[in-house]
Amino acid sequence: MSERYEFQAIEPKWQRYWQENESFKSTPDPSKPKYYCLNMYPYPSGDLHMGHMRNYIIGDVLARFHTMLGECVMHPMGWDAFGLPAENAAIQRQIHPSEWTADCVAKMKEQFAALGISYDWDREVDCSQPDYYKWTQWLFLKLYEAGLVYTGTTNINWCPSCQTVLANEELDGDNCERCGSFVEPKEVDRQWLFKITDYAQKLLDDIELLDNWPERVKSMQANWIGRSEGVTFSLKMEGRNDEIEVFTTRIDTIYGITYVVLAPEHPLVGQLTAGTEHEQPVHDFAMGALREGEVARTSAETEKRGIFTGAYAIHPLTQERVEIWVGNYVLMGYGSGAIMAVPAHDQRDLEFAREYGLPVKVVIQPEGEDLDAETMTEAYVEPGVQVNSGQFDGMNSEDAKGAIADHLEQVGLGSRGVNFRLRDWLISRQRYWGTPIPMVWCEDCGAVPVPEEDLPVLLPQDADFRPTGDSPLERHPTFSKATCPTCGKPAKRETDTMTTYVDSSWYYLRYASPHEDDQVFDRKDVDYWLPVDQYVGGVEHAVRHLLYSRFITKVLKDQGYLSFDEPFARLFTQGMIYKDGTKMSKSRGNVVGIDEMVQRYGADTARAFILFVGPPEQDAEWSEKSVEGAHRFLQRVWRAVVEGPEFDGDWAANLPADPDEDDRAMRRKTHQTIQRVSDDIAQMGLNTMISAMMELTNELLPYSQSVGDSAAKAAVYSEAVESLIIMLSPVSPHLTEELWARTGHQPSVMGAPWPQSDASLATEETITVVVQVNGKLRDKLEVAPGADMEPLKEQAAGLPGVQKHLEGKSVVKVIAVPDKLINIVVK
């Protein structure tokens with residue numbers, strides 16, 4: 001009887017071998033090219049499922065491949081352990097977050113090991129441990145010293161369920177990305193912010209450096225930063241000393257202002273209506289608009305609604321009175337939170353004006369046309385000729401932009417400028433499970449940083465962390481009691497904690513030297529390993545983690561701690577795994593557990609399926625049939641090796657000098673597969689690489705039956721087997737380790753050099769050239785690759801399948817595509 005593929009015994013065997021031999025340990029070796037392969041580290045959430053694993057399996061394939069290319073590979077893993085998920089889970093289970101985190105980490109490490117992921121656990125980091133968050137606090141102090149940290153009263157996103165502030169980047173539409181609750185606007189005092197806006201232009205400019213990032217991600221970052229060039233000017237308010245500042249990119253339409261719209265959260269809204277008949281209706285409208293959420297308010301499908309404040313502004317150039325409204329479609333987070341409304345030349349403004357009977361004034365006419373302000377249903381937004389624009393009448397509107405801007409600057413009414421959509425990074429969180437902010441508040445000295453030598457400011461383990469809306473550390477009996485480092489008087493320690501996005505903004509640096517006690521990292525280690533050569537993770541982090549990491553890298557470079565501008569040289573964002581038409585999720589009950597997969601099919605099958613299911617950058621549907629297909633493929637590989645001829649360890653010396661047609665075909669397929677798999681991995685075609693190995697296996701099985709006693713054929717077979725084992729090892733490492741050992745090699749297959757394709761062997765001996773008449777297939781020619789096409793044209797015309805279609809017709813021309821086709825055009 002043939003020996004079965006017993007993955008239940010094989011996989012634990014080789015996992016023990018890797019652990020005992022420290023197979024994945026990474027040590028700098030200047031004699032080799034380095035390769036830093038990094039997966040986005042997860043937050044410890046309990047059991048992983050197969051929907052999570054695509055990210056990690058892709059990274060593991062790349063790490064193993066580059067190891068076999070002879071590169072010095074670092075492939076670390078750690079834990080995004082602070083934050084709301086762990087804290088909320090601990091509250092639900094009535095245990096401490098540290099206990100929940102430790103249990104989850106242990107379980108997830110078991111699952112990573114069960115799948116054969118090649119992490120160097122000596123480099124493990126956990127951002128909830130003092131030896132890590134000490135340096136997160138150090139980073140805060142460095143930003144503070146650079147003038148990049150401040151406190152302010154801000155309109156924030158408040159999650160009533162999580163009872164904390166959320167940054168814009170932590171929203172899923174208008175809902176909390178963590179719990180799904182609708183997020184409410186709220187004004188909160190003394191929030192800590194990082195001045196990421198100081199780096200807005202640099203972050204935008206350096207997107208050009210990201211040659212190996214997905215265009216989609218680069219576009220998302222550019223749009224989030226949102227640079228606009230325009231003019232800022234103010235409108236005086238009738239009867240008041242205040243002014244309304246607006247920013248516009250269409251200063252050519254300034255003469256078309258017929259009203260002004262404030263965002264519902266604009267501070268002037270309450271001031272303008274206080275004590276008037278408009279106060280309560282405007283307040284009610286503003287609160288209702290804010291509850292709609294920013295995404296809904298700015299959607300093209302959302303009805304544009306507003307309310308008149310009863311107040312008027314004065315047009316800076318015409319001195320006309322214009323009404324001041326509050327509108328749901330204006331956001332405080334862009335520009336000044338107020339817009340000049342030009343309904344003739346902005347569709348949103350036109351819809352709003354028609355709804356509320358507000359005037360429309362045309363100030364740009366298309367060449368040769370006259371727009372009717374009373375009847376127009378679509379705003380005219382293209383260039384044209386200025387009309388109703390005072391001294392600028394008759395000018396081309398593109399020229400008028402500069403001329404009007406010049407005029408406003410000359411008379412002191414406005415100035416050119418740049419506006420960014422990006423807002424400063426709000427890092428304060430009113431929750432317990434996070435890095436304490438290393439600041440104290442002194443009545444005499446104000447906000448004072450904790451000295452570096454006093455770090456870390458430890459998170460107390462005995463805090464009551466139930467959410468109430470205020471920081472749990474505020475309620476701790478001793479945590480907030482401090483001494484001012486400047487004057488020595490009693491002071492109050494800051495009780496907010498940092499968002500976990502601060503922890504993850506620099507973790508990739510810590511992996512280079514994770515055990516440093518006296519410095520954030522060893523500069524020589526960082527200079528050796530960084531930047532990250534390949535980063536793998538979800539596209540959902542495009543404007544959160546990835547943007548923050550780029551910001552922190554640039555700050556540290558400017559302070560002399562780093563020598564590079566960008567942290568991640570190459571980025572790959574994998575698609576999601578769906579089941580039953582929706583994303584795998586515990587809450588939906590449609591997950592496939594890792595433990596279940598490993599027990600039923602084995603880790604190698606799970607890995608092969610995840611890679612083969614489709615292009616890795618695209619979403620894919622879970623399919624039990626496809627899992628079974630992947631398992632059958634590995635069984636065929638097993639049979640091709642274990643049940644095949646005896647392996648020839650010296651196959652290179654015994655290859656046939658005069659190979660027959662079958663030998664040439666087998667070697668050709670072997671070398672074609674080597675080239676395809678090598679190219680596919682480099683280009684992230686991980687599904688097609690498995691297809692190539694399936695094809696090789698399908699040809700190897702029948703060839704193995706023909707070997708018999710022939711040493712030459714045994715050598716051809718052995719070359720194919722050895723190449724297949726090596727190429728398959730990044731995908732299914734347990735199986736290939738077993739087959740490597742069974743073919744007489746010393747473990748581990750990871751130490752084997754990647755096979756090289758011989759182009760002369762990979763080239764087809766003959767190729768098929770199709771012959772067409774007027775574009776329709778009529779016959780074929782079997783020719784040598786690169787054959788001269790001129791004589792083939794005559795040969796093609798004489799083919800039986802072609803001749804009958806040429807009878808009685810004249811040839812107009814003959815089109816020849818080398819190695820592809822000949823098309824005879826007749827009439």
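**Close-up A. Asp 444 meets Lys 489 in a salt bridge.** In this predicted model, Asp 444 is exposed, with a relative accessible area of 53%. Its partner, Lys 489, is partly exposed, at 43%. The N-to-O distance of the pair is 2.5 Å. Asp 444 sits in the loop between β21 and β22, and Lys 489 in the loop between β23 (481-483) and β24. The salt bridge therefore ties together parts that are 45 residues apart in sequence.

**Close-up B. Strands β21 and β22 form a hairpin.** β21 covers residues 439-442 and β22 covers residues 446-449. The two strands pair in the antiparallel sense, over 4 bridges. Between them lie 3 residues. Asp 444 belongs to this loop. Within the pairing, Trp 441 has Ala 447 of β22 as its bridge partner.

**Close-up C. Glu 494 is buried and has no salt bridge.** The residue is found in the loop between β24 (490-493) and β25 (497-498). Arg 190 is the nearest side chain of opposite charge, 4.0 Å away. Two tryptophan side chains make polar contacts with the side chain of Glu 494: Trp 192 at 2.8 Å and Trp 441 at 2.9 Å. Trp 441 is also the residue that pairs with Ala 447 in the hairpin of close-up B. Leaving aside residues up to four places away in sequence, Glu 494 touches Arg 190, Trp 192, Ile 437, Met 439, Val 440, Trp 441 and Phe 479.

**Close-up D. Lys 218 and Glu 215 form a salt bridge within helix α7.** The helix spans residues 215-225. The two residues are 3 apart, about one turn of the helix. Their N-to-O distance is 3.0 Å. The burial of the partners is opposite. Lys 218 counts as buried, at 12% relative accessibility. Glu 215 is exposed, at 56%.

**Close-up E. Glu 6 forms a salt bridge with Arg 4.** The closest N and O atoms are 3.9 Å apart. Glu 6 counts as partly exposed, with 34% relative accessibility. Arg 4 counts as exposed, with 63%.

**Close-up F. Five charged residues are linked in a network of salt bridges.** The members are Lys 202, Asp 206, Arg 550, Lys 554 and Glu 566. For context, the count of salt bridges in the model comes to 46.

**Close-up G. Four strands form an open sheet of mixed pairing.** The strand order is β32-β31-β34-β33. At the edges stand β32 (776-783) and β33 (811-817). Each has a single partner strand, so one side of each is left without a neighbour in the sheet. From one strand to the next, the twist averages 15 degrees. β31 (residues 767-773) and β32 run antiparallel and are joined by 7 bridges. In this pair, Val 773 stands opposite Lys 776 of β32.

**Close-up H. Helix α25 lies across the sheet strands β31, β32, β33 and β34.** The helix covers residues 789-797. Strand β34 covers 821-826, and α25 runs at about 60 degrees to β34. In the sheet order, β34 stands between β31 and β33. Helix α25 also lies across both edge strands, β32 and β33.

Notes
Residues numbered from 1 in each chain as written. Predicted model: local features only at pLDDT ≥ 70, side-chain atom pairs only at ≥ 80, totals over all residues. Heavy atoms only, no water. Buried < 20%, exposed > 50% of the residue type's maximum accessible area, 1.4 Å probe, protein only. Lys, Arg positive; Asp, Glu negative; His and termini not counted. Polar contact = N/O pair within 3.5 Å; in protein donor to acceptor, adjacent residues only side chain to side chain. Contact = heavy atoms within 4.5 Å. Pairing = 2+ DSSP bridges. Axes fitted to C-alpha atoms, helices over the stretch in contact; angles between N-to-C directions.
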